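Welcome! Please take a moment with the sequence and the model before reading the short tour that follows.

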Amino acid sequence: MRLKNKIAVITGGASGMGLATVNRFLKEGACVVIADFNVTTGTAAVEAANAAGYAGKVSFVRTDVAREEAIEAMLQHAVDQYGGLDILFNNAGVGGAIGPLTETSVSDWDYTFDVLAKGVFLGMKHGARIMKAQGRGGSIINTASIAGLSGDAGPLVYSAAKAAVISLSKSGAVELGADKIRVNAICPGFIVTPLADGGNEAATKSAFSRAQPWPDYGRGDHIAGAALFLASDDSEFVSGEAIVVDGGLTAAGPELSRKFPKSSARDSKVSGITKGSTGESAEIRRL
Ligand SMILES: NC(=O)c1ccc[n+]([C@@H]2O[C@H](COP(=O)([O-])OP(=O)(O)OC[C@H]3O[C@@H](n4cnc5c(N)ncnc54)[C@H](O)[C@@H]3O)[C@@H](O)[C@H]2O)c1
């Protein structure tokens, strides 16, 4: 039980990787507040957790993370119901604005940033206030994305908002470090969730299985495992990190071996050393 006596709030906890993390944290002994916009899935998540034996340790609060008073009420619920706050997972998200840059409206930009970036800022602001007052430290985990790390990994506005989440996590880690409040981001790769599968789970699983070096698709519990590490004392000295959980997708980078198959080490029939323009000969062995 790595989270015994810990109190956690998970935004976007009614679905996908947030829900997987709710279930993992409960299993590890935490009390969990599921904070989500969607009342139907939020209520169902609590009912399922109650049926699994966690009654009294889990509850749902309808929350819009883009509204400051809703964030305050969500965190106050954790304090009133369970006695404090140790872990805050700012994870709620939407795809937000899509389509060409030249057609993107300011209101679509605002909605996307309100949910993805302002939501994280508000969670950090009010979560840190409670954690500082308690004086026992804490762990804040923010869901960013590989989309925040490069171009062409997500819609333009979404990617910009996720880059902001990575930056918020680093600045927050520096400011809150002296209070033993750690702040880290998780950058998921392609994870099969209702957000990503567009209602076609089977096709998405198949496509995502081929999307990165790891020969299977990303699952919500892959993210839950990383969140558990960052929530628990196992990561006591880890702060200001943006941990990529993507099955090697970003490590593959320019995909040289796919674009220039001759340079693929995996399927190569030769081994040895090349010496460039030195005028010395390469030494190559056939395998
Ligand atoms: N699935 C992926 O491949 C992937 C990859 C990288 C990052 N992410 C990020 O992971 C996080 C979780 O996404 P998911 O894939 O599990 O999606 P999901 O749709 O399964 O879950 C997201 C949850 O957030 C909730 N939510 C949306 N707007 C909200 C708001 N304003 N206030 C409160 N709750 C709100 C939704 O109701 C939903 O329950 C998001 O931040 C997303 O951007 C997802």
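## Around the ligand

Let's begin with the ligand: of the 29 residues around it, G12, G16, G93, T193 and L195 come nearest. Two elements, α1 (16-27) and α6 (194-197), each give two or more residues to this shell. Sorted by class, the shell around the ligand holds 14 nonpolar residues, 13 polar ones and two charged ones. Do keep in mind that this is a predicted model.

Next, follow helix α4, which runs over residues 106-134 and has 29 residues. From its first C-alpha to its last, α4 reaches 39 Å, close to the 42 Å expected at 1.5 Å a residue. The helix has a kink of about 45 degrees, and D114 is at its centre. After α4 comes G135, with a positive phi near 75 degrees.

Positive phi also turns up in two residues that are not glycines. One is D152, and another is K180. Here they are side by side:

| Residue | Phi | Loop | C-beta neighbours inside 10 Å |
|---|---|---|---|
| D152 | about 60 degrees | between β5 (138-143) and α5 (156-176) | 7 |
| K180 | near 60 degrees | between α5 and β6 (181-188) | 15 |

How do the two loop residues sit, buried or exposed? D152 counts as exposed because it has 7 C-beta neighbours inside 10 Å, and the cut-off for exposed is 12 or fewer. K180 has 15 such neighbours and therefore counts as partly exposed.

How values were computed
Residues numbered from 1 in each chain as written. Predicted model: local features only at pLDDT ≥ 70, side-chain atom pairs only at ≥ 80, totals over all residues. Helix = DSSP H or I, 4+ residues; strand = E, 2+ residues; numbered from the N terminus. Buried ≥ 20, exposed ≤ 12 C-beta atoms within 10 Å, placed from the backbone. Near = placed C-beta within 6 Å. Nonpolar A, V, L, I, M, F, W, Y, C, P; charged D, E, K, R; others polar. Expected span 1.5 Å × (residues − 1). Bend = angle between axes of the 7 residues up to and from the residue.
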